[in-house]
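Here is a briefing on internal spaces and two buried residues in a predicted model. Please look at the sequence and structure first.

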Amino acid sequence: MPTAVASDLAPFQQTLREGIPDVLPPARPLDPSVSHAPKRKDILTAEEKKLALRNALRYFHPKHHITLAPEFAQELKEHGRIYMYRLRPEHAMHARPIDHYPAKSRQAAAIMLMIQNNLDPAVAQHPHELITYGGNGAVFQNWAQYRLVMQYLSEMTDEQTLVMYSGHPLGLFPSHADAPRVVVTNGMVIPNYSKPDDWERMNALGVSQYGQMTAGSYMYIGPQGIVHGTTITVLNACRMLKEPGAMGKLFVTSGLGGMSGAQPKAGNIAGVVTICAEVNATAAHKRHSQGWVDEVISDVNACIDRAVEWQKKGEAHSVAYLGNVVDLWERLAARNVHVDLGSDQTSLHNPWAGGYYPVGLSYEESNALMVKNPAAFKQRVQASLKRQVAAINSLAAQGMYFFDYGNAFLLESKRAGADIAGKSGEEFRYPSYVEDIMGPLCFDHGFGPFRWVCTSGEVKDLATSDRIAGDVLEAMLKEAPTEIAQQIADNLHWIRNAQQNKLVVGSQARILYADSEGRIRIARAFNEAIKKGEITAPIVLGRDHHDVSGTDSPYRETSNIRDGSRFTADMAVQNFVGDAFRGATWISLHNGGGVGWGEVINGGFGMVLDGSADSDRRLKAMLHWDVNNGIARRAWARNPNAMWSIEQEMKRTPLLKVTLPNEADEGLVDSALG
């Protein structure tokens, strides 16, 4: 490393090594240039507020308590949380090349890089509150935790494991080289204490956190991940229409925040015209400046007119409607505009604390009401959902295909009393996108969001990895059976066009959907390229938890499990444990995710490829399990595509032997219960 570069890095590396400083940094005012989390509910009793303060002060030597106690008490009063803003580091928060991190373990350095990326202001939704996306998906609860974790990672050897309790580093423990370097759990609370207000209380106390799906496991790569998933969803939704195809089709949805911000970009790639509503002007203009949405319009009629104009041209285009989505839906219905595809991606897993904004109030008025009068705010949200559903029902009656995008829209609408109930015993009037699309077409066949990060930070390394992945998929497509050929073809098209779509935000990362065979073949090719020097530094493998095996979520990932087991979480927990002893570099298990606290258990992993034979051994063992655990569970639920897929895998893998179901005759069952 050149001397000048080393000199520039010295303050950064020193901060990471020192942990909580002996001399406190000066207090820092709130930076108005970044988006901040809304004030949280004032839920603690007077005694609990004392406990929250004592819990926060335990990170610091008693000599600092006289300074920090009143400061933290004020944070709790003003924000509903103690974020410890004073401890926020001076260095810029972004993913640096792996060699810039002061670490004894190469694996630990890669994890430091991923943490930095999750807190990059270009990536994170509320970076100074350590929230990456979804309104409350946190990497850590406070900045003391960040500093301690970085210190531990800088000291760690490959004979130690860092244990993380909901953002809190419990400590480094002796382990061994084959063990995970970090084990993360978030929100693992006793089931009877897993309601939203339980999270509010425990998070305010500083004892638990909401890690979302990939925020608290350091695997978020910006909205690119959801761009790809949404592209696949929209493409397949268009194939299900009475007149299949994307050209000239209108897609209406909402949300331009963290994950939801990917929707208009995905719509453009899929080839539809998209209107995406957003009440937060900062979020809407941020996505426009990033090139993820083509234009922003605040007049609802002008917005609709613009979309219809592009429909007539037969060209893809995206419009952000700066306003409330209910106004958009009602105006579309009043004007009798034909909408082909409809969905919603507001953060309805978090409806009472900034995840959904009711119609009739401004963004600022809503933020104030949710704190001053939570009961009144809840009433406004539920009334708003009723109106939204009524307008959607009107358009659906005219032929719109509406689907829930896994954000708890159907669930919260039902709880609000909206007209959302299904017919003939169906729970909801509309399907989850997993029920119709992702479940049978992707997850049951083992296809899910495989992702990687080039730790060199070099654009050329990402381009090389794109080429390698594309070559693997191209070879697989030539021999693919009919059942999975379309999935491989869609992902081959995606990866060949990834560079021109300018999907990178933050680290040099990429995502595509692949089955276990595809993931293993791509990963082995990466490892070989690193060994030969064609890729200049290690690659971190990972995935979204929104995948085949990682998540048990009855209203999303496992919504097409119909044997009565969709409310069980054996699969996700087994996935987490199995990844650990098959070679993952770090593993994570979370309560909560895109559908809400108490509604899902999900597990994830990270794996560092360094070009070694050891990496080759690990990737084959772990990636095979990481996918086929879920296919086996789905096959046992009698999902036809999963039964086909696991039978194919057993032919490929002699050591794999899975219990398969026997089908019962429906007439026999009916007569037996007579």
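Three helices each supply at least two residues to the lining of the second largest pocket: H6, H13 (374–396) and H14 (409–416). Helix H13 gives the most, with 5 residues. The model is predicted, and the pocket holds about 550 Å³ of space.

**Second largest pocket**

- The lining of this pocket counts 31 residues.
- Closest to the pocket centre are Lys195, Pro196, Asp197, Pro351 and Trp352.
- By class, the pocket lining splits into 16 nonpolar, 7 polar and 8 charged residues.

**Largest cavity**

- The structure has 3 cavities of 30 Å³ or more.
- The largest cavity encloses about 240 Å³ of space.
- Two elements give two or more residues to the lining of the largest cavity: helix H2 (46–57) and helix H6 (196–205).
- H6 provides the largest share of this lining, 4 residues.
- Helix H6 thus appears in two linings: that of the largest cavity and that of the second largest pocket.
- In total, 25 residues line the largest cavity.
- Arg81, Ile82, Gln141, Asn203 and Gly206 lie nearest the centre of the largest cavity.
- The lining of the largest cavity comprises 13 nonpolar, 8 polar and 4 charged residues.

**Second largest cavity**

- About 60 Å³ of space lies in the second largest cavity.
- Its lining is made of Gly225, Ile226, Gly229, Tyr405, Tyr433, Met438, Pro449, Tyr513, Asp544 and His546.
- Helix H7 (224–239) and helix H15 (433–442) each contribute at least two residues to this lining.
- H7 is the main contributor to the lining of the second largest cavity, with 3 residues.
- The class split for this cavity is 6 nonpolar, 3 polar and 1 charged.

**Arginine 40**

- Arginine 40 sits in the loop between helix H1 (3–18) and H2.
- Is arginine 40 buried or exposed? Arginine 40 counts as buried because its relative accessible area is 2%, under the 20% cut-off.
- Leaving out residues up to four places away in sequence, arginine 40 touches His79, Gly80, Arg81, Tyr83, Ile131, Gly135, Asn136, Glu200, Asn350 and Ala353.
- One of these contacts, Arg81, is also among the residues nearest the centre of the largest cavity.
- A polar side-chain atom of arginine 40 lies 3.5 Å from the backbone oxygen of alanine 353.
- Arginine 40 and alanine 480 are 440 residues apart along the chain, and their C-alpha atoms are separated by 51 Å.

**Serine 343**

- Serine 343 is found in the loop between strand E10 (341–342) and helix H12 (363–372).
- Serine 343 is buried because its relative accessibility is 0%, which is under 20%.
- Which backbone oxygen does the side chain of serine 343 reach? The side chain reaches that of phenylalanine 403, at 2.8 Å.
- Not counting residues up to four places away in sequence, serine 343 touches Phe251, Val252, Thr253, Ser254, Trp329, Phe402, Phe403, Asp404 and Tyr405.
- Tyr405, one of the residues that serine 343 touches, also lines the second largest cavity.

Definitions and conventions
Residues are numbered from 1 along each chain as its sequence is written. This is a predicted model: local features need pLDDT of at least 70, side-chain atom pairs count only at pLDDT 80 or more; totals for chains, interfaces and linings use all residues. Side-chain values use heavy atoms; hydrogens and water are left out. On a 1 Å grid over the protein atoms alone, a cavity is a set of points where a 1.4 Å probe fits but cannot get out, and a pocket is an open set with protein on both sides within 12 Å along at least five of seven lines; lining residues have an atom within 4 Å of a point. Grid points are joined across faces, edges and corners, and a volume is the space filled by probe spheres set on the points. Ala, Val, Leu, Ile, Met, Phe, Trp, Tyr, Cys and Pro count as nonpolar, Asp, Glu, Lys and Arg as charged, and the others, Gly among them, as polar. Buried means under 20% relative accessible area, exposed over 50%, partly exposed in between (1.4 Å probe, protein chains only). A polar contact is a pair of N or O atoms within 3.5 Å; within protein, one must be able to donate a hydrogen and the other to accept it, and residues adjacent in sequence count only if both atoms are side-chain atoms. Contact means heavy atoms within 4.5 Å.
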